[in-house]
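Trainee: I should like a close look at one part of this structure. Please take me through its largest nonpolar core and explain each term as you use it.

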Amino acid sequence: LGLGLRGDASMSDGMGPQSGYMGYAPVVENSGGPGRGSARPQFTSSNARGSDYSNGQDGQGDTTGEGRGGGLVSPAFRQAAPEDPFAGFGPPQFHAGDATPALTSTPLTSYLPPPDEDGTVTVVLDPQFNGALMDLSVLPYNPLLEMPVVLDRGLARRGNTDYILGTCLRLVQCSDRGADILEREKEMSGSTSRRLMSLLPRGEDSRQMKEAVDDAPDEHQPEDQQTDYPQDNLVEEDTSQTSFFDPPLRTEVVYTSTYVNVDCSTPNGIDRGVAKELATSNMVDVIYSRDIHDTARLFAPPIQAYGRGIIIIMNPIERSVAKYYQHLEENNISPRHMSLAQYAKNRLEANILTKAIAGRGELAIAKEILKRKFIVGLFDRMGDSFERFETFFGWNIGEDTKTCQSNTIERTLADHYNNLELPPEDSAVMANLMEKNTLDMALYEYARFLYDYQGHNLFGIDASTPSVE
C-alpha cells in the first residue's frame with residue numbers, strides 16, 4: 001500500500017515520518033462503534049490528496065473538491081476572502097455566506113503548519129522523538145499505523161477526558177490505571193517479593209570491597225590478603241528485587257471505562273509497554289502520557305507505528321489555582337494552614353506545560369512541537385475540541401455518545417468555573433503566579449492561535465468567526 005514505514009524511501013531529510021501512504025483514503029465499513037474491537041478500515045487507492053496547495057491556490061490535480069476528503073470544500077469556495085487572517089497558508093476554506101461550516105468524519109488530507117514567527121530560527125527536534133510522533137502535515141490519519149497520544153499535563157486534572165474517551169467513546173486506554181490493574185493481578189496470582197540484604201562499607205571502602213570481590217581468584221582468599229573493614233563503617237544495602245511480575249497484556253473495566261494492564265504514566269510502565277510491543281498489540285486505542293518524550297519510546301524502531309499528539313490546554317493561571325485547591329483536597333489541608341501565596345511560592349512548579357512539551361524550559365522547542373505534532377484543544381472550548389478529535393480520528397459517535405459527552409463536558413466546566421476564585425490582577429499573589437508561568441502563558445497564547453489556525457486550515461472552519469475572545 002505504500003504506507004510509509006520507517007526506513008522506506010519516502011523518508012527524507014531526517015525530518016521524521018513522511019507521507020508515504022498519502023493517496024489512500026480509508027473506507028470504513030460498519031464497525032459498530034470505535035475501539036480495537038471494531039472492524040478495521042479497508043484502504044483503497046484513491047486520489048484522496050487531490051491537489052497540491054500553495055499559498056491557498058490549487059496545484060495541478062483534482063479540481064472537484066475531493067482533495068479535502070469527499071466534498072468538504074467545493075469549487076465554489078476556492079477563493080480566500082481578503083480579510084482572512086490565515087491567507088496564504090494551507091488549502092482553501094469555507095467562508096461566511098458561502099456555506100455552513102461543519103466538521104465531517106471524512107479523513108482530512110491537507111495541512112501545513114504555520115511558518116516560524118520570525119522566519120530565522122530553525123528548531124531541531126530530537127530524532128527519536130521526531131520519528132516517533134507523526135507530523136500533523138502527514139495526512140490522512142492512518143489507523144493501521146498510528147495511535148492517539150494524549151499529553152496529560154495541560155490541565156489541573158484530566159478534566160474527565162478519560163471518562164469521555166473511555167465511557168462515552170468506549171476506547172481502550174493506557175494510563176496510570178494500568179498500575180492498579182497490575183497490582184490486582186499480582187495479588188490474585190499470589191506473587192510475593194523477596195528481600196535480600198547485604199552489608200557493604202561506606203564511601204571509598206565500598207568501591208575497594210567491590211573491586212576486591214571482582215578480582216578475587218576464588219572465594220577462599222588467604223586471610224593475610226583479605227581487607228579488614230571496620231564494623232562501624234558498614235552500611236546495609238538493599239539488594240532486594242520484587243519478584244518479576246510481567247503478565248500478558250489484557251484489558252479490564254475500571255468503573256465504566258476499559259484500560260490495558262500497562263502503566264503508561266511511568267518509565268517502568270513504558271519499559272513494559274516497549275517489551276510487550278504495546279503500540280502494535282491491537283489492545284489499546286489511546287495512550288495517556290505525562291512525559292511525551294518518554295512515551296515516544298513505545299514507537300521507536302523496529303516498531304512500525306507512530307503516535308498522534310492530542311492536548312487540551314487550560315489557562316496556566318487558572319490551572320495553577322485549580323492545582324492549589326486540588327492539593328488542599330488531596331492532603332486534607334485547610335486554606336488557613338496553606339494560602340495560595342504560600343503554595344505559589346513553595347509548591348508550584350514553574351512552567352510545567354512548557355517543560356512537559358519541550359522536555360525542558362525551552363519555549364521555542366515547545367512551540368515547534370506543538371505546531372507540528374499536536375492537535376490542539378482548549379479547555380474552555382472542550383466541546384468543540386472533542387468534535388475536532390473525533391473528526392480527525394474518525395471516531396463514529398451516535399446520539400447516546402453525544403449526550404454522554406455533552407453532559408460530561410458541561411459538568412466539568414461548571415465544576416471548574418464555579419469553584420475557581422482567581423486573585424486580583426494587581427495582587428502580589430497574581431504577580432507570583434505570572435512569574436511562575438511566564439513561559440506557559442506565552443505558550444498558551446500561541447496555543448490559542450494554533451487552535452484557530454488548525455480550525456481554519458485543517459478542519460475547514462470559517463476564520464472570520466474566531467474561537468477566542
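Mentor: What follows is a short setting and then a close look at that core.

This is a predicted model, in which local features need pLDDT of at least 70 and side-chain atom pairs count only at pLDDT 80 or more, while totals for chains, interfaces and linings use all residues. Residues are numbered from 1 along each chain as its sequence is written, and side-chain values use heavy atoms, with hydrogens and water left out.

The protein has 14 helices and 13 strands; these are DSSP runs numbered from the N terminus, with helices being H or I of at least four residues and strands being E of at least two. Of its 469 residues, 49% are buried, where buried means under 20% relative accessible area with a 1.4 Å probe, counting protein chains only.

A nonpolar core is a set of buried Ala, Val, Leu, Ile, Met, Phe, Trp, Tyr and Cys residues joined through side-chain atoms within 4.5 Å. The largest one here holds 40 residues, and F299, I357 and L370 have the most contacts inside it. At least two residues of this core come from each of α1 (127-132), β5 (146-151), β12 (306-313), α9 (352-358), α10 (363-373), β13 (374-378) and α14 (438-457). The element that gives the most is α14, with 5 residues. In general, nonpolar side chains of soluble globular proteins tend to be buried together.

L370 illustrates how such residues meet. A contact means heavy atoms within 4.5 Å. Leaving aside residues up to four places away in sequence, L370 touches I311, I313, I357, V376, L443, A447, L450 and Q454. A second core, separate from the one just described, has 30 residues, among them L108, I312, I409 and F459.

The helix α14 also packs against α11 (residues 382-393), at an angle of about 45 degrees and with the axes 12 Å apart. Axes are lines fitted to C-alpha atoms over the stretch in contact, and angles run from 0 to 180 degrees between N-to-C directions. The two helices are therefore oblique to each other, since angles under 35 degrees count as roughly parallel, over 145 as roughly antiparallel, 65 to 115 as roughly perpendicular and the rest as oblique. Where α11 and α14 meet, D384, S385 and R388 of α11 make the contact with Y451, Q454 and G455 of α14. Q454 of α14 thus appears in this contact and is also touched by L370.

Key
Buried < 20%, exposed > 50% of the residue type's maximum accessible area, 1.4 Å probe, protein only.
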